[in-house]
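Visitor: I would like to look closely at one small part of this structure and then be led from there, step by step, to the other parts around it. Could you take your time and explain how you reason as you go?

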Amino acid sequence: MDFNLSEEQQMVKDMCRKFAENELAPKAEHYDRTHEFPWEHVKKLGEMGMMGVVYPEEYGGSGMDYLTYAIAVEEISRGCASTGVIVSAHNSLCLSPIYYFGTEEQKKKYLPKLCSGEWIGCFGITEPNAGSDAAGTKTVAEFKNGKWVLNGTKNFITNGGVANVAVVLAVTEKGIGHKGLSMFIVEKGTPGFSVGKTEDKLGICASSTTELVFENCEIPEENILGKKGDGFKIAMHTLDGGRVGIAAQALGIAQAAMDAAVKYSLERVQFNQPIARQQAIQWMIADMATEIQAARLLTYQAAMLIGSGPDRRRYSKNAAMAKLFASETSHRATHKALQIFGGYGYIKDYPAERFYRDSRITEIYEGTSEIQRLVIASNVLSEYQ
Ligand SMILES: Cc1cc2nc3c(=O)[nH]c(=O)nc-3n(C[C@H](O)[C@H](O)[C@H](O)COP(=O)(O)OP(=O)(O)OC[C@H]3O[C@@H](n4cnc5c(N)ncnc54)[C@H](O)[C@@H]3O)c2cc1C
């Protein structure tokens with residue numbers, strides 16, 4: 001695989017890196033502490049074309065490839081992990097199912113506003129009793145008097161408190177497991193649709209994570225995405241793409257942690273020399289650099305496979321591998337970075353503890369590491385049967 005970046009990919013990488021260094025990183029600590037949603041950054045990312053990276057220009061998108069998208073999320077997350085997941089959830093989880101499974105009318109109605117960043121999107125699968133097991137969804141959608149009527153609660157939804165549009169999974173036929181699930185588009189302001197509890201989190205504190213509550217929420221018949229019963233298929237397709245976004249987020253956090261730790265190791269003097277001269281520190285730097293590069297190759301490879309066509313059988317395993325390895329790399333790299341900072345790593349005046357907190361979620365959302373291993377193993381086993 002050729003990872004020499006094209007002119008356009010390099011241009012987006014440079015643009016996002018400059019934005020991350022000049023605008024995101026200097027304010028990341030403020031947003032982490034205040035838990036405010038970074039509206040100023042999201043607005044600018046919309047102007048930069050980063051709120052609809054891979055979607056065609058006819059729908060208001062930037063028409064770029066999936067590798068460019070992964071690079072953009074990596075660079076944005078290097079500056080601010082919260083902004084990274086806001087962009088990733090919006091692009092991969094809300095726009096993607098509308099683009100791949102929506103009708104022409106749905107695409108024309110929703111994509112331009114979402115691609116420009118005028119509207120923010122979210123995606124609701126998780127429920128209090130349906131996390132890793134999405135087939136355990138309890139939210140129901142009943143067809144009554146020409147409308148879908150939704151009842152139930154989604155929880156832990158990224159962008160939930162700020163979203164204008166939610167793509168939501170619900171049961172349309174009970175007793176037949178995942179075949180009875182369908183996906184719906186619900187607009188903010190629809191009577192019966194409200195935002196519930198806002199979560200107080202360990203990391204990515206500037207991202208909005210909330211409940212979505214549906215109480216006799218009536219939506220038009222045409223707001224179903226795909227066909228009745230397609231919901232699980234749409235969810236799995238969407239999560240495959242989303243996992244590459246989260247791999248890129250994990251990569252960006254790991255790179256930021258290594259950058260900070262290496263600079264610190266060159267400045268911090270103990271025993272009359274910079275700690276970077278100690279072999280123990282050098283070994284940590286070597287491990288961080290090697291694992292980050294391996295995670296980057298897996299992530300870029302999965303992104304290129306996604307970019308080569310929508311058939312998820314070709315990239316599902318690679319997306320899971322990229323997410324698993326990049327998130328666990330991020331965990332190890334942020335752990336080592338904090339160690340290199342010593343006691344200062346534990347203090348909020350330095351960024352190492354924020355990187356450590358921010359990285360942890362990448363092993364959990366869009367499928368935990370255990371679920372990624374299940375996906376990888378089932379793909380590998382089927383290759384031998
Ligand atoms: C900050 C944040 C943002 C999120 N954003 C979104 C979002 O935008 N949209 C959305 O729909 N969801 C979102 N989620 C939900 C997230 O995807 C789930 O939390 C995750 O999938 C795990 O589900 P759970 O929390 O119910 O854990 P559980 O499924 O209860 O799992 C608990 C533990 O059991 C393990 N486990 C479960 N089943 C198995 C199995 N079969 N084999 C081995 N181990 C297993 C898990 O790996 C985990 O270690 C978010 C969560 C958080 C915390």
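Guide: Let us begin with His 35, which lies in the loop between helix H1 (7-34) and helix H2 (39-47), and let us keep in mind throughout that this is a predicted model. The backbone of His 35 deserves a careful look, since this residue has a positive phi of about 65° although it is not a glycine. As for its surroundings, His 35 counts as partly exposed because it has 14 C-beta neighbours inside 10 Å, and a residue must have 20 or more to be called buried, or 12 or fewer to be called exposed.

A second residue can be set beside this one. Ile 204 also is not a glycine and has a positive phi, of about 35°, and its place is in the loop between S6 and S7. Here the count of neighbours leads to another class, for Ile 204 has 29 C-beta neighbours inside 10 Å and therefore counts as buried.

The loop that holds Ile 204 brings us to the strands on its two sides. Strand S6 (residues 193-198) and S7 run antiparallel and are joined by four bridges, and within this pairing Thr 198 has Thr 210, in S7, as its bridge partner. Strand S7 (residues 209-220) also pairs with S3, again in the antiparallel sense, this time over nine bridges, and in that pairing Thr 158 stands opposite Thr 209 of S7.

From S3 we can move on to the ligand. Strand S3 (147-158), strand S1 (121-124) and helix H10 (369-384) each supply at least two residues of the shell around the ligand. There are 22 residues around the ligand, and those that come nearest are Thr 126, Gly 131, Ser 132, Thr 368 and Glu 370. Sorted by class, this shell has 11 nonpolar, eight polar and three charged residues.

The position of the ligand can be understood by looking at the domains. The protein is divided into domain 1 (7-120), domain 2 (122-231) and domain 3 (237-380). Because domain 2 and domain 3 both give residues to the shell around the ligand, the ligand lies between them. The C-alpha centres of these two domains, domain 2 and domain 3, lie 30 Å apart, and the contact takes five residues from domain 2 and seven residues from domain 3. On the side of domain 2 that touches domain 3, there are three nonpolar and two polar residues, with no charged ones.

Helix H10, which we met at the ligand, also contains Tyr 384. This residue has 5 other C-beta atoms within 10 Å, so Tyr 384 is exposed. The C-alpha atoms of Tyr 384 and Val 85 are separated by 36 Å, and the two residues stand 299 residues apart along the chain.

Let us finish in the interior. In soluble globular proteins, nonpolar side chains tend to be buried together. The largest nonpolar core here has 119 residues, of which Ala 70, Cys 94, Phe 184, Ala 257, Ala 302 and Ala 337 touch the most other members. Helix H6 (residues 231-267) gives the most to this core, with 18 residues. If residues up to four places away in sequence are left aside, Ala 257 touches Ala 333, Thr 334, Ala 337, Ala 352 and Phe 355.

Definitions and conventions
Residues are numbered from 1 along each chain as its sequence is written. This is a predicted model: local features need pLDDT of at least 70, side-chain atom pairs count only at pLDDT 80 or more; totals for chains, interfaces and linings use all residues. A residue is near a molecule or strand if its C-beta atom, placed from the backbone, lies within 6 Å of it. Ala, Val, Leu, Ile, Met, Phe, Trp, Tyr, Cys and Pro count as nonpolar, Asp, Glu, Lys and Arg as charged, and the others, Gly among them, as polar. Domain bounds come from an automatic or database domain assignment. Two strands pair if DSSP finds at least two bridges between them. A nonpolar core is a set of buried Ala, Val, Leu, Ile, Met, Phe, Trp, Tyr and Cys residues joined through C-beta atoms within 7 Å. Two residues are in contact if their C-beta atoms, placed from the backbone, lie within 7 Å.
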